[in-house]
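Biologist: I should like to go through the reasoning behind some residue assignments. Please set each value against its definition.

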Amino acid sequence: MTDVPTIQLNDGNEIPQLGFGVFQVEPRETAGAVAHALQVGYRHIDTAEMYGNERQVGEAVRASGLDRGDVFVTSKLNNGDHRPDDARAAFARTLSELGFDHVDLFLIHWPLPTLYDGDYVSTWKTLEEFKQDGRARSIGVSNFQVDHLERLAAETETVPAVNQIELHPYLQNREVGAYGEEHGIATEAWSPIAQGAVLDDPAITEIAERVDRTPAQVVLRWHIQHGHIVFPKSVTPERIRENFRLFDFELEPDDMEQIDSLDRGEAGRNGPHPDRFAYAG
């Protein structure tokens, strides 16, 4: 089995650089997909309360026969539960759904600066409680912009271990990534292949043909070489295996530069902008 590199987080914990995502995976398909991913060799699963499939993730981890300590599991706080007491109840639900006594990483899913009177600081302080009592081994954020991160730095004690952001060749989110690198915050990439939009790009397909890999493997390898933590999702067994085969080839510097040049900035964004996203359902 291929050894997946790990990245050391700022709290001393380690996270596998390649994981398996279950965003938009139907609950009825989740346990089977996660089970197959674990068989292939993934040891990092990324879920969220909002995805509605935490229970099935927990079931697959238990059924795998692997030690709980050998599987890194991330979940995220639902947008409707930012107030401290709501966050405490939501986190308890997450642990109950998963059937675990802890998660390896727990994230604020969105900053929601236009909701809750703009107060994501008290939410973050509540996550600090979960880390202090050991029920979350690491804590982090998702979709936080530089000004959101700077506010946490000014008003709280704990630097997020990770920031999970939309990141792919068409939206490289360089300002946020650079802030993370400067302050010891690991960058996780969601939508790493832009929901497939980058796979037909001529620059990607040319590199893929030359190195005898699929376009998805080329893009995921680009993430790996940039130091991003990435967790592609699929329910197709062959695609799950394909996405894992990233560590027996490397992209040349010219290939990396060619993909770097595809950045479209904000025009490349697929998901909502974190400054304006206000869904709390």
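Modeller: This is a predicted model. At 13% relative accessibility, S191 counts as buried, because the term applies under 20%.

Biologist: Where does S191 lie, and what is its phi?

Modeller: S191 is placed in the loop between β9 (186-190) and α7 (202-211). Its phi is positive, at about 55°, although S191 is not a glycine. Most residues other than glycine have a negative phi.

Biologist: Why is N143 called buried?

Modeller: The relative accessibility of N143 is 3%. Buried means under 20%, so N143 counts as buried. N143 belongs to the loop between β7 (136-142) and α5 (146-155), and its phi, near 65°, is a positive value in a residue other than glycine.

Biologist: What makes the pair formed by the side chain of N143 and the backbone oxygen of H109 a polar contact?

Modeller: A polar atom of the N143 side chain lies 2.8 Å from the backbone oxygen of H109. The cut-off is 3.5 Å for a pair of N or O atoms, one able to donate a hydrogen and the other to accept it, and therefore the distance of 2.8 Å falls within it.

Biologist: Which residues does N143 touch, leaving aside those up to four places away in sequence?

Modeller: Among them are H109, W110, P111, H148, E166, W190 and P274.

Technical notes. Residues numbered from 1 in each chain as written. Predicted model: local features only at pLDDT ≥ 70, side-chain atom pairs only at ≥ 80, totals over all residues. Heavy atoms only, no water. Helix = DSSP H or I, 4+ residues; strand = E, 2+ residues; numbered from the N terminus. Buried < 20%, exposed > 50% of the residue type's maximum accessible area, 1.4 Å probe, protein only. Contact = heavy atoms within 4.5 Å.
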